[in-house]
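Reader: I'd like to learn how to read a fold like this one piece by piece. Can we go through it together?

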Amino acid sequence: MKGVKFYSYPSCTSCRRTKKWLLTEGVQFDERHLFRETPTVKELKEILSLTTNGIDEILAKRSKEFKSLHLEVENLTVNELLQLVHNKPKLLKRPILTDGKKLVIGYSEEGLKDLAACSKQ
């Protein structure tokens with residue numbers, strides 16, 4: 001993939017900061033509205049495969065949406081969890097950025113620099 005896939009939500013402060021950083025640094029990216037263009041289960045599996053801490057890295061456990069479900073994540077299979085997240089994208093932390101090899105969740109200037117350097121190669 002050339003550039004970066006950037007899953008965002010316009011009213012999210014971290015998403016706006018990340019977008020500003022990407023534009024300032026001249027990083028090519030394909031922005032997708034997280035709630036209108038929800039990642040497919042296949043894309044979620046790809047994102048999950050790039051994590052170092054598994055589902056906890058992408059799941060927004062402190063969100064109202066997550067708390068309202070009263071879920072025991074450990075009781076779900078990976079496929080059940082990914083289908084749930086696909087159907088309820090508010091369960092995802094944001095923003096999510098990937099170049100297919102690296103992953104950045106949330107605003108992290110260090111992570112963005114690393115991702116940008118790799119995506120330009």
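Author: Sure, and let's begin with a working rule: a residue is called buried when its relative accessible area is under 20%, exposed when over 50%, and partly exposed in between. Keep in mind that this is a predicted model.

Reader: Let's try that on a helix. Which residues of α2 are buried, and which are exposed on the other side?

Author: In α2 the buried ones are Glu43, Leu44, Ile47 and Leu48. Around the axis they span an arc of only 140°, which puts them on the same side of α2. Lys42 and Ser49 are exposed on the other side.

Reader: And what do the buried residues of α2 pack against?

Author: Their partners are β1, β2, β3 and β4, plus helix α4 (78-87).

Reader: How are the strands of the sheet ordered?

Author: The general idea comes first: strands of a sheet pair through backbone hydrogen bonds, either parallel or antiparallel. Here we have an open sheet of four strands in the order β2-β1-β3-β4, and the pairing is mixed. β2 and β4 (103-105) are the edge strands, each pairing on one side only. On average, neighbouring strands are turned by 15° against each other, direction ignored.

Reader: In which sense does β1 pair with β2, and in which sense with β3?

Author: With β2 the pairing is parallel, over five bridges; Lys5, for instance, has Asp30 as its bridge partner in β2. With β3 the pairing is antiparallel, over three bridges, and there Tyr7 is matched with Ile96.

Reader: How many of the five residues of β1 are buried?

Author: Five of the five are buried, so β1 is largely enclosed by the rest of the structure. Look at which way the residues point, too: Val4, Phe6 and Ser8 go one way from β1, while Lys5 and Tyr7 go the other way.

Reader: Now the helices on the sheet. Which strands does α1 lie across?

Author: α1 lies across β1, β2 and β3, running at about 155° to β1. Helix α2 (residues 41-49) also packs on the sheet, where it touches β1, β2, β3 and β4. The direction of α2 makes about 110° with that of β1.

Reader: What about α1 itself: how far does it reach from its first C-alpha to its last?

Author: Helix α1 covers residues 13-25, which is 13 residues, and reaches 18 Å, close to the 18 Å expected at 1.5 Å a residue. Its buried residues are Cys15, Thr18, Trp21 and Leu22. Seen down the axis, they fall within an arc of 125°, so they line one face of α1. The face turned away from that buried side carries the exposed residues Lys20, Leu23 and Thr24.

Reader: What do those buried residues of α1 pack against, and what follows the helix?

Author: They pack against β1 (4-8), β2 (29-33), β3 (96-98) and α5 (109-119). After α1 comes Gly26, with a positive phi near 70°.

Reader: Does the one-sided reading carry over to α4, I wonder: which of its residues are buried?

Author: Leu81, Leu82, Leu84 and Val85 are buried in α4. Their arc around the axis is only 160°, which puts them on the same side of α4. What covers them includes α2 and α3 (64-69).

Reader: Last topic, the aromatic rings. How many aromatic pairs are there?

Author: A pair of aromatic rings is described by the distance of the centres and the angle of the planes. The count here comes to two aromatic pairs. The rings of Phe6 and Phe29 have centres 5.6 Å apart and planes at 85°, so that pair is edge-to-face. Phe6 lies in strand β1 and Phe29 in strand β2, so the pair ties together parts that are 23 residues apart in sequence. Phe6 is buried at 0% relative accessibility, whereas Phe29 is partly exposed at 24%.

Reader: And where do Tyr9 and Phe35 sit in the chain?

Author: Their rings have centres 4.5 Å apart and planes at 50°, so the pair of Tyr9 and Phe35 is tilted. Tyr9 is in the loop between β1 and α1, and Phe35 is in the loop between β2 and α2, 26 residues apart. Tyr9 is partly exposed at 26% relative accessibility, and Phe35 is partly exposed with a relative accessible area of 22%.

Definitions and conventions: Residues numbered from 1 in each chain as written. Predicted model: local features only at pLDDT ≥ 70, side-chain atom pairs only at ≥ 80, totals over all residues. Heavy atoms only, no water. Helix = DSSP H or I, 4+ residues; strand = E, 2+ residues; numbered from the N terminus. Expected span 1.5 Å × (residues − 1). Buried < 20%, exposed > 50% of the residue type's maximum accessible area, 1.4 Å probe, protein only. Arc of directions from axis to C-beta. Contact = heavy atoms within 4.5 Å. Pairing = 2+ DSSP bridges. Axes fitted to C-alpha atoms, helices over the stretch in contact; angles between N-to-C directions. Phe/Tyr/Trp six-rings, centres within 6.5 Å; stacked < 30°, edge-to-face > 60°.
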